[in-house]
Amino acid sequence: MREDIPTLYEWAGGSEALNRLTRTFYDKVAQDPIVGPVFKHMSPDHPAHVAAFIGEVFGGPKTYSERHGGHREMVMHHLGKHLNEEQRRRWINLLADAADEVGLPDDPEFRSAFMGYVEWGSRLAKMNSNLGETCDPETEPMPAWGWGVPGGPYKPPAGKP
């Protein structure tokens with residue numbers, strides 16, 4: 001990617017914006033009858049850990065990998081949860097609502113990349129939660145998500161970072 005094109009992490013507003021997103025999102029999750037039970041034993045640090053994970057996936061600092069075990073550890077958190085499609089879809093909808101509520105950028109390019117990752121990641125989480133498969137750190141690198149087609153000619157809308 002060219003140096004003058006911001007990462008999704010930068011475009012979103014960095015760690016502050018992603019922490020606002022995950023705090024708001026998990027407040028919604030805690031009140032939700034569909035996905036709330038899955039997170040009933042969530043640690044108070046969970047929203048910050050998820051913000052760090054998303055930030056790293058979107059091109060930000062490697063905080064999640066360095067402090068929390070990387071993608072392998074994220075996968076391990078989903079094993080045995082037996083997530084279903086209704087829970088996955090509710091999770092997506094609550095996250096999209098939280099993104100709107102906290103003011104994440106709403107340009108189509110960013111939201112397409114954001115929701116593309118959310119769709120991919122939630123399907124992977126559901127699959128892992130039901131198959132009970134473990135992963136090998138060598139074969140499960142941290143995902144790296146960017147603008148549109150990898151290496152494509154994308155340019156963010158004018159007036160943005």
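Which residues of helix 3 are buried? In this predicted model, the buried positions of the helix are Pro47, Val50, Ala51, Ala52, Phe53, Ile54, Gly55, Glu56 and Val57. Helix 3 is thus described as mostly covered, with nine of its 12 residues buried. The element comprises residues 46-57 and reaches 17 Å from its first C-alpha to its last, close to the 16 Å expected at 1.5 Å a residue. Just after helix 3, Gly59 adopts a positive phi of about 100 degrees.

Aromatic contacts were examined next. A search of the whole structure yields 12 aromatic pairs. One of them is formed by Phe25 and Tyr26, with a centre-to-centre distance of 4.6 Å and an angle of 65 degrees between the planes, an edge-to-face arrangement. Phe25 and Tyr26 are both buried. The pair of Phe58 and Phe114 is likewise classed as edge-to-face, because the ring centres lie 6.2 Å apart and the planes stand at 70 degrees, where an angle over 60 degrees defines this class. Phe58 belongs to the loop between helix 3 and helix 4 (63-68), whereas Phe114 belongs to helix 7 (residues 108-131); the pair therefore ties together parts that are 56 residues apart in sequence. Phe58 and Phe114 are both buried.

The two residues of this pair also take part in a wider aromatic arrangement. Phe58 and Phe114 form one aromatic cluster together with Trp11, Phe110, Tyr117, Trp120, Trp145 and Trp147.

Conventions:
Residues numbered from 1 in each chain as written. Predicted model: local features only at pLDDT ≥ 70, side-chain atom pairs only at ≥ 80, totals over all residues. Heavy atoms only, no water. Helix = DSSP H or I, 4+ residues; strand = E, 2+ residues; numbered from the N terminus. Expected span 1.5 Å × (residues − 1). Buried < 20%, exposed > 50% of the residue type's maximum accessible area, 1.4 Å probe, protein only. Phe/Tyr/Trp six-rings, centres within 6.5 Å; stacked < 30°, edge-to-face > 60°.
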